[in-house]
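Q: I am new to this structure. Please take a close look at a single part and walk me through it, then show me a few other places worth finding.

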Amino acid sequence: MYPIEHIDKAQYPLPREGIYLNCPERQLLWEVLRIPPDSPYAEYTIPLFLQFHDCCCAFEPAANIYHRRQRQVIASQLEQLQLTAAEAPPSQPTSRQQLRTYLTNYPLFSTLLLLSNEESTSLSDWLWLLVRLYHAVGPDDYHAYLLFDQLRSRYPDRAPFISMGVMTQGSRRELSSALEQHTHLSELASSLVPRQKRSSRRPYKADNTHTGTALECGLVKAAFNTTSDTEGREGESWLVMTANQPLTTKAARRKFSLQGSGMTRAIGRANQSLPASQSVLTPSELRLFIILSCPAILDGEWLAIEPDERKYWLIFWLSLLGWRDLDVPVYNLRGKSKQAMSAPAFLYEFDKLDGSVVSLQLGAEVVKGAKPEPGDKRYCSAQPAWSLMLPWPIQSLFNLVLRGVQSHQRNGQPLSHVLSVSQVQYRRWLRSKIQKVKPHVPFSLTPSALEKAFLHFAREQVPDTALALLTGKGCIQSHYINQQISVVNGQIRQCWQAFLAELDVTTALDSSSETHVSMMWSTPTYHEQVGSALTLRKELLPPIFSSILAPLKPETFTSKRRQPHFWQEASERLAMYLHTRAAITMALRPVNSPYPDLSHTAFEAGLLTVQDKRSHHEDERRVLVADRMLMELLNLYLQWQDQWMPLTVHHQPPSFSVFDGKKVEPVSSSVVNRLFETYVSNHLIEGFRHLSASLWLEENIASFDRPFVQSALNQLLNHFQRGQSPLGTYSLVSLNQVAAYQRQCLTEVIAPFAEYDQQALGALENLLACKGGGWTSG
């Protein structure tokens with residue numbers, strides 16, 4: 001029933017600025033129509049919003065007085081805004097590129113504003129279609145309103161429209177069926193299909209719910225359920241009693257069938273990541289498709305291809321690289337008219353050798369996460385955008401295609417407009433190519449299998465974070481890793497060169513006029529970084545370690561050992577250094593109890609097992625691999641701890657603990673924060689797990705003696721789907737081999753810490769040799 005609150009109020013709170021400042025009565029206007037607070041272009045939008053409101057009221061009659069009153073409030077507020085419109089409004093925008101600041105957050109407002117440019121003869125039809133779309137998806141579905149604008153912009157002038165009777169009186173399914181049969185509006189049909197909402201059956205809402213069997217007998221089964229948040233803190237709990245009745249033959253068969261289907265799907269998902277997958281073409285299979293479709297490509301003879309055909313092959317190679325959006329604008333860097341070039345965009349520049357340089361500017365904020373305070377120099381920078389120099393043969397194709405288009409038809413225009421090719425036309429062209437090649441190849445051939453060939457090829461060779469930046473789809477490691485833009489460019493382009501070598505096109509690449517552009521690696525950059533904004537700068541580690549260990553040097557040890565609080569300070573400083581060193585080496589999670597007791601520690605093997613996140617598995621333990629020096633330091637510290645703290649004091653298994661002057665307590669997140677505030681800085685320092693992942697990737701990407709393996713980085717961060725860890729209960733991987741490889745990858749990461757490790761080692765040896773005092777004497 002209109003007005004409908006399509007969104008969650010907590011996700012879209014009422015802004016306290018602009019037209020909503022000190023106007024709580026306009027809350028309904030915000031929730032229903034989502035008008036921007038600054039209310040730009042009111043001269044053009046408010047009259048259309050009034051028509052839009054009248055259509056919504058006419059389409060769905062009011063059921064009660066409450067809804068009629070709400071509609072009157074909306075109409076009254078719109079009329080007040082119309083009276084306060086600016087006397088000299090800005091010029092009316094005519095394209096989506098002029099509304100980039102409003103497209104994402106206010107899609108309905110942007111679409112209505114552009115709709116005001118429509119001629120009066122067709123305005124009513126489009127307005128009613130927009131009303132039906134609004135009732136289906138609400139005011140915040142960016143992709144639905146983007147598709148609406150695209151279909152309206154390329155709709156033929158004299159083409160017949162949907163019947164007004166169907167739009168004003170038909171159900172959603174009737175209108176969706178009419179759109180599917182329409183030649184120019186069929187793509188919008190899926191947005192109008194009624195969506196089924198499934199209500200949660202949980203008595204409590206929580207991030208995780210864990211079920212454990214408390215009692216099971218012949219007649220009854222009792223299950224104890226607990227909830228926890230993302231940090232593992234327990235919440236509500238309840239007991240569920242169910243009758244333990246034997247299954248009938250039909251129910252038992254159904255249960256067995258569901259288990260078999262689940263195992264089949266799990267095996268299928270695991271096989272998708274294999275080097276040879278049935279759902280993606282290998283480079284040799286892709287080469288065969290290109291030979292049968294257009295052999296001139298492999299020889300680099302672009303002039304032998306028809307100009308119209310080149311445009312389709314350009315889109316094909318862009319899709320192969322991982323970019324499939326044709327609505328991205330194209331800008332000339334040397335153009336006379338300077339325009340705002342926000343990501344994503346294609347930037348090109350012609351040279352005097354009949355060549356060109358084309359780059360793809362992309363957004364770098366692929367995930368949303370916490371950020372430090374503005375101006376905090378302790379953390380790495382995180383640029384909002386980055387540019388990828390497009391490799392061969394995309395450079396050559398872009399050069400030929402752009403030089404065949406007039407300058408006023410390419411600068412600032414979407415790629416589909418520059419090429420005069422829509423997404424539908426490209427799909428139709430690709431399917432026709434596939435139908436011609438299918439009878440001559442022995443493997444499955446689909447558009448998806450073709451376009452995912454490179455991304456599948458690069459899956460283990462290129463970090464997931466680099467592929468996420470390329471495709472615009474964030475991954476979990478995007479929250480942790482921060483890299484130089486030049487390094488990301490090099491990772492993608494180097495893998496692309498290897499992919500072209502597998503396609504056996506290196507001869508055409510070497511003879512291409514664009515080779516000087518394709519082979520040019522990006523120049524090194526400084527502080528031009530993308531990724532996690534909470535990654536500490538590695539330059540901070542030396543001053544942090546020096547401030548921690550300076551009072552424990554041998555020359556100061558003898559003079560300070562008789563001081564009252566020396567043993568407390570020695571315990572806290574060593575514990576703080578060992579924790580920081582372990583957090584950077586093993587990528588510890590910032591949980592309340594990061595360390596296990598001695599029963600889960602193998603000093604000779606260099607392994608620890610800690611309780612994993614409950615969202616992964618309630619009984620699963622995570623295996624941590626430490627280097628030899630770190631394990632030696634931990635072992636010596638625990639020996640010193642055991643020397644001055646008898647086990648009988650606490651009656652608990654020994655663990656990594658610290659003496660605070662009064663009692664001994666295990667190292668926890670609260671203890672670590674207190675120690676950093678005492679000895680290092682008054683400001684809380686976070687991001688050691690982020691720094692660990694970034695250092696590991698930086699050192700192992702730069703190492704050419706062994707290839708980069710993404711699964712090794714996953715092992716460091718313990719990023720796996722539930723139950724699929726290579727070191728799980730049912731794993732066939734050798735634990736010793738995995739540990740040895742991880743330790744080899746850590747060699748360069750821990751190399752800068754050697755000097756500080758020796759200082760900590762000397763301090764521990766002096767403390768163990770000292771017999772005249774201990775923790776109990778402080």
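A: Start with the pairing of strand E5, residues 345–350, and strand E6: 6 bridges join the two, and they run antiparallel. One residue pair helps you find the place. Tyr348 has Val358, in E6, as its bridge partner. Keep in mind that this is a predicted model.

Now follow E6 to its other neighbour. E6 is also joined to E7, by 5 bridges, and this pair is antiparallel as well. Here Gly363 is bridged to Ala385, which belongs to E7. So E6 pairs with E5 and with E7.

How many residues of strand E6 are buried? The strand covers residues 356–363, and 6 of its 8 residues are buried, so E6 is largely enclosed by the rest of the structure. Buried here means under 20% relative accessible area. In a regular strand, side chains alternate between the two faces of the sheet.

Next, move along the chain from E7. Strand E7 spans 385–389, and a loop links it to helix H14, 394–403. Pro393 sits in that loop. The peptide bond between Trp392 and Pro393 is cis, with omega at about 5 degrees. Most peptide bonds are trans, and most residues other than glycine have a negative phi.

Two residues depart from that phi pattern. Arg34 is not a glycine, yet its phi is positive, about 55 degrees. Ser420 also has a positive phi, near 60 degrees, and is likewise a residue other than glycine.

Both are in loops between helices. Arg34 lies between helix H1 (27–33) and helix H2 (42–59). Ser420 lies between helix H15 (415–419) and helix H16 (423–437).

Are they buried or exposed? Arg34 has 1% relative accessibility, so it counts as buried. Ser420 is exposed, because its relative accessible area is 56%. The cut-off for exposed is over 50%.

Finish at Glu572. This residue is in helix H25, which runs over residues 566–586. Its relative accessibility is 2%, so Glu572 counts as buried. What does its side chain meet there? A polar contact of 3.3 Å links the side chain of Glu572 to that of Arg674. Leaving aside residues up to four places away in sequence, Glu572 touches Val658, Phe659, Asp660, Arg674, Leu675 and Tyr679. Arg674 therefore appears both in that list and in the polar contact, while Glu572 itself is buried.

Technical notes
Residues are numbered from 1 along each chain as its sequence is written. This is a predicted model: local features need pLDDT of at least 70, side-chain atom pairs count only at pLDDT 80 or more; totals for chains, interfaces and linings use all residues. Side-chain values use heavy atoms; hydrogens and water are left out. Helices (H or I, at least four residues) and strands (E, at least two) are DSSP runs, numbered from the N terminus. Buried means under 20% relative accessible area, exposed over 50%, partly exposed in between (1.4 Å probe, protein chains only). A polar contact is a pair of N or O atoms within 3.5 Å; within protein, one must be able to donate a hydrogen and the other to accept it, and residues adjacent in sequence count only if both atoms are side-chain atoms. Contact means heavy atoms within 4.5 Å. Two strands pair if DSSP finds at least two bridges between them.
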